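Please open the model in your viewer with the backbone shown as a cartoon, and keep a selection panel at hand. The tour below moves from one selection to the next and says what is to be found at each stop.

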Amino acid sequence: MGRKVTVYGYRFKDGILQADKEQSKFVQEIFNVYNSGIPVSRLKDYIEGLEINRVRLSDMLSDKRYMGDENFPKIIEPELFEAVQQRKKERRKAVGKEQPYIYHKEQFLLGDKMKCGECGSAYHCYKHGELRRWDCSKRLVKGRVTCRNQRIQEDQIKELFMQAVGNLKKHPEQIRKITIHRIRRNSRLEALEREIEMLKNSSTTEIEELLRLVYKRASLLYENADDGGDAYHTQKIEDLIQQHKEQSEEKTFDKDLFDAIIEAITIYKDGRIVFTLKNGVAMTKLL
Ligand SMILES: [Zn+2]
């Protein structure tokens, strides 16, 4: 038994550092296969019996000691070693250009409207080649999976949006689906107005009571002004859908329409995609 050597490919024999026969063959194969264009992540598929992890393989491919020095016998020819360094450099460049899964929020059509229905976080867009994929921004936190909501491709979202638009063209009444609490509130207002009218016409009216009711009416009207926002959006959405219907049979994604009528898109793990319109109406689509 000799001293332990941590450099793969070598061992001590009789106190002398030597190339290990079996390991040095692996080292040569690793360099040769990598130099033939196989990425580090796939070397295992090409070298039978290779049991070295990716990070270590990558380190090995840059380890100058394999070319031999005063302590380490040569396992790899300097020409092959240099060729491998060149290849590593090219690969790093190529990877840099591809920018796999890098967050590009600003340049994407769906902006900040995408939300995670499971954890409430924003969805972010990750670009991989031509593919734009949206994923919960809390999927990975410090390398750990914290949200397992689904990933979704941007093209799918656009398609579902246009399907929803098609649906609204056929059934514009769905744009007005959320009127229940507004009616209730309006009926409160109507009751109040009747009461105010009665007090005004009565000879025994106390001014303070009247002022109290007028004040209450003002605050109810103010609350309704929020609904006025909804009503405004409802009208606007109806107009836009109608226009779109008249103008085109187009099924391609319409960014202006999207920006004008969509408040949020919520993604759920079970495949539901909920489009919330600016007036609060929610439309559920399934992936
Ligand atoms: Zn999430």
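Helices (H or I, at least four residues) and strands (E, at least two) are DSSP runs, numbered from the N terminus. Please bear in mind throughout that this is a predicted model.

Begin with D20, which is found in the loop between β2 (16-19) and α1 (21-35). Is D20 buried or exposed? With 19 other C-beta atoms within 10 Å, D20 is partly exposed, since a residue counts as buried only from 20 such atoms upward. Now add Y10 to the selection: D20 and Y10 are 10 residues apart in sequence, while their C-alpha atoms are 4.8 Å apart in space. Leaving out residues up to four places away in sequence, D20 touches G9, Y10 and R11.

Next, select the strands of the open sheet, whose four members run in the order β4-β10-β11-β12 with mixed pairing. β4 and β12 (282-286) stand at the edges, and because each has a single partner strand, one side of each is left without a neighbour in the sheet. Neighbouring strands here are turned against each other by 25° on average, direction ignored.

Within this sheet, take β4 (residues 114-116) and β10 (residues 262-267) together, which pair in the parallel sense over three bridges. Along this pair, K115 stands opposite T266 of β10, and C116 stands opposite I267 of β10. Then move to β10 and β11 (residues 272-277), which pair in the antiparallel sense over five bridges, with I262 opposite L277 of β11. The hairpin formed by β10 and β11 has four residues between the strands, and there G271 takes a positive phi near 100°.

Keep the sheet visible and add α5 (154-170), which packs on the sheet by touching β10, β11 and β12, and whose direction makes about 125° with that of β12. The 17 residues of α5 reach 25 Å from the first C-alpha to the last, close to the 24 Å expected at 1.5 Å a residue. Which residues of α5 are buried? They are I157, F161, V165 and L168, and, seen down the axis of α5, these buried residues fall within an arc of 80°, so they line one face of the helix. Turn the view to the other side of α5, where D155 and K170 are exposed.

Now colour the largest nonpolar core, which has 26 residues and in which I265, I267 and F275 have the most contacts. Among the elements that give two or more residues to this core are β4, β5 (123-128), β6 (131-136), α7 (207-247) and α8 (255-261), while its largest share, four residues, comes from α5. In soluble globular proteins, nonpolar side chains tend to be buried together.

Centre the view on I267, and set aside its neighbours within four places in sequence: I267 is then in contact with M114, C116, G117, Y123, N149, Q150, I152 and I273. As a last stop, select V27, F31, L61 and I76, which are included in a second, separate core of 16 residues.

Terms used: Residues numbered from 1 in each chain as written. Predicted model: local features only at pLDDT ≥ 70, side-chain atom pairs only at ≥ 80, totals over all residues. Pairing = 2+ DSSP bridges. Core = buried A, V, L, I, M, F, W, Y, C linked by C-beta atoms within 7 Å. Buried ≥ 20, exposed ≤ 12 C-beta atoms within 10 Å, placed from the backbone. Contact = placed C-beta atoms within 7 Å. Axes fitted to C-alpha atoms, helices over the stretch in contact; angles between N-to-C directions. Expected span 1.5 Å × (residues − 1). Arc of directions from axis to C-beta.
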